[in-house]
Amino acid sequence: MCVLPGGQSGCGAREGQDVSDSFPLSRLTSRARRGWEVVLTRGPSQIQFWFIALAVGIASGYAAVAFMHAISFLQAFLYGTEDVRHIHSFAATLPWFWVLILPCLGGLVVGFILTRFTPDGRVRGVAEVIQGAAMYEGRVERRAGLASILSSLITLSSGGSSGREGPVVHMVGMIAGWVSNRINADGITGRDLLGCAVAAGVAASFNAPIAGALFALEVVLRHFAVHAFAPITIAAVSGSVISRTNFGDVTEFALPGVNTLAFYVELPAFLLLGLTCGLVAVVLMRSIFLAEDLATRIQARIGLPAMLRPAATGLLLGVMAIWFPHIIGVGYETTSAALSGELLLHEAMVFAVLKVAAVSITMGGRMGGGVFSPALMVGALTGLAFGIVATGVLPDVSGSETLYALAGMGAVAAAVLGAPISTTLIVFELTGDWQTGLAVMVAVSMSTALSSRLVDMSFFLTQLERRGVHLAAGPQAYLLAMFKVSSVMKSPDHPRAPSEERVKAAVNEALFVAPSDTLEAAMPLFEKSGREFLAVVRLSDKAEGPEIVGVLLHIDALRVYNRALAATAAEEHS
């Protein structure tokens, strides 16, 4: 007796029955169709989510690699060099007018793109991805994001002084958002997919899979939930494999010799280095914000069109680059020189100050790019300058000054990103030096402890805080801003609504909100007045005054808030 698929017995087909009917192809096709419908309607909860994470990781890894290739190609074309890793040495040999005009032309193109395709003329980066994870179920802007990627590509290729991780993170965030929309992913799934994309993008950018995974958890998702760890790790590994396939199994920076602590009495010096780097990181971050505010005031005062603001920025960068081409691009060559101890004390100090100024001008002038690579350069220069002094004062109990450069690189970057764990690992993976962990961790811990008290935890969270998005304080501070009054209010004729006279009295006492307001605006009124409800009105220019469209009950607002807090806590501890 033959056993057919499905447990039926028999041999061959019945009379008059097509042979293909006995083959399970039609049933497999039907099941596949039903499975795809499940994916589209219910998200990936009923299939292997890890395969989706792997696909997102592969796509994000290739996107990051393509972005790096595009920068190298365009930079080589504009500056006429094949070795873009030593761009500043080559730029020093070019005619001064070419070094001057390239950033200006790049800024002009960036200005056109940003004013044409973004509502506010700003470049999107890591801060917007963090906000998307916290408040928009893992989705980020697409139109403005594409404009930001192109603007950052032009900025980094034409002489702008910034990093590539910001546009890469936002670019892979768009990939994750597209997938989330295709499968109708809920908030938890959307955030996990966003974390997978970011992990793969960072891992591919720096050939650092461990740090990529932890960066996604520590910086973007801002929790270490177990349910997110496995898919994010898979994505990070896939991104790193793609990077090594394209660029080889090499570290970003090569260190000469062996960096070891000469004696444990040297550890206090790294404590001081950490505090110094924390202050330097705060100066870097505040300089960027100061430059942005100053540029905005100058633009308003002289009536400069928004499209010309990046062009004016590029002109300033060009003037600086004529004498100090070290500021061009991500600064790989100068960072490598600092880690190798090839710079003198005054060179390290001058280059650090100039890089801070150049990054502030670039980002304050609303050109593209990120802050991570500049933070690495400034940190390496700061650490080298500190190390030259420290080893000169106590040569008998000191190791190499390059060890201080390595620790300084991690300390400044960790303070800027607000990510001590992932940044420490990024430094190890970028250099391949795992023997100096004690020195790096000591410096990183001190720098982040100090800087987090002088800014809102990190550069990205401070950016959001300046825009009125309070993510630094935790979910209890920003969840109220996610709910509009219109989604919580009751109609005036609802059984639980107060009487019409009481509602009108609340309006006369200015105890009202608009339907478009959020609970963040309503809760202070509840606390100030002690009332159990607020009137919801629609303001108009008519003489009869505001139109009452509903009431917002205090208990309803608290119920929504508590549910959101509970859901957030459940996700972070699952």
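**Reading a predicted model, feature by feature**

User: Let's start with Glu-137: which loop does Glu-137 lie in?

Analyst: Glu-137 lies in the loop between helix 6 (126–135) and helix 7 (143–158). Keep in mind as we go that this is a predicted model.

User: And what is phi of Glu-137 near?

Analyst: The general idea comes in one line: most residues other than glycine have a negative phi, and most peptide bonds are trans. Now the case here: phi of Glu-137 is near 55°, which is a positive value in a residue other than glycine. As for surroundings, Glu-137 counts as partly exposed, at 41% relative accessibility.

User: Asn-207 also caught my eye. What is its phi near, and is Asn-207 buried or exposed?

Analyst: Phi of Asn-207 is near 50°, again a positive value in a residue other than glycine. You'll find Asn-207 in the loop between helix 9 and helix 10 (209–221). With a relative accessible area of 9%, Asn-207 is buried, because the cut-off for buried is under 20%.

User: On to empty space. How many cavities of 30 Å³ or more does the structure hold?

Analyst: The trick is simple: rolling a probe the size of a water molecule over the atoms shows where empty space is left. Here the structure holds one cavity of 30 Å³ or more, and the largest cavity has a volume of about 40 Å³.

User: Which residues line the largest cavity?

Analyst: The lining is made of Glu-165, Val-169, Val-202, Phe-206, Phe-215, Phe-372, Leu-417 and Ile-426. Helix 8 (165–182) and helix 9 (187–206) are the elements that give two or more residues to that lining. By character, the lining divides into seven nonpolar residues, no polar ones and one charged.

User: Now the strands. What is the order of the strands in the open sheet?

Analyst: To read a sheet, go through who pairs with whom, then in which direction. This one is an open sheet of three strands in the order 1-2-3, with mixed pairing. Strand 1 and strand 3 are the edge strands, each pairing on one side only.

User: Where does the mixed pairing show up, strand by strand?

Analyst: Strand 1 (residues 512–513) and strand 2 run parallel, joined by two bridges. Strand 2 and strand 3 (residues 547–553) run antiparallel, and six bridges join them. If you want residues to click on, Phe-512 stands opposite Ala-535 in strand 2. On the other pairing, Leu-534 has Leu-552 in strand 3 as its bridge partner, and Val-537 stands opposite Ile-548 in strand 3.

User: Which unit do strand 1, helix 23 and strand 2 make?

Analyst: Follow the path from strand to helix to strand and look at its hand. Strand 1, helix 23 (residues 519–529) and strand 2 make a right-handed β-α-β unit.

User: How many residues of strand 2 and of strand 3 are buried?

Analyst: A handy general point before counting: in a regular strand the side chains alternate between the two faces of the sheet. For strand 2 (residues 533–538), five of its six residues are buried, which leaves it mostly covered. In strand 3, five of the seven residues are buried, so strand 3 is largely enclosed by the rest of the structure.

User: What about contacts over a stretch of sequence: how far from Ile-548 is Lys-504, C-alpha to C-alpha?

Analyst: Put the separation along the chain beside the distance in space. The C-alpha atoms of Lys-504 and Ile-548 are separated by 8.2 Å, with the two positions 44 residues apart in numbering along the chain. Lys-504 is found in helix 22 (residues 500–508), and it is partly exposed, with a relative accessible area of 43%. Another pair is Pro-420 and Val-219: they are 201 residues apart in sequence and 9.8 Å apart in space, C-alpha to C-alpha. Pro-420 sits in helix 18 (residues 420–431) and counts as partly exposed at 27% relative accessibility.

User: Last one, cysteines. How many disulfides does the structure hold?

Analyst: The structure holds zero disulfides. Check the cysteines one at a time: Cys-277 is buried, with a relative accessible area of 0%, whereas Cys-104 is partly exposed at 21%.

Terms used:
Residues numbered from 1 in each chain as written. Predicted model: local features only at pLDDT ≥ 70, side-chain atom pairs only at ≥ 80, totals over all residues. Heavy atoms only, no water. 1 Å grid on protein atoms, 1.4 Å probe; cavity = no way out; pocket = protein on both sides within 12 Å on 5 of 7 lines; lining within 4 Å. Points joined across faces, edges and corners; volume = space filled by probe spheres on them. Helix = DSSP H or I, 4+ residues; strand = E, 2+ residues; numbered from the N terminus. Nonpolar A, V, L, I, M, F, W, Y, C, P; charged D, E, K, R; others polar. Buried < 20%, exposed > 50% of the residue type's maximum accessible area, 1.4 Å probe, protein only. Pairing = 2+ DSSP bridges. Right-handed = clockwise from strand over helix to strand, strands pointing away. Disulfide = S-S within 2.5 Å.
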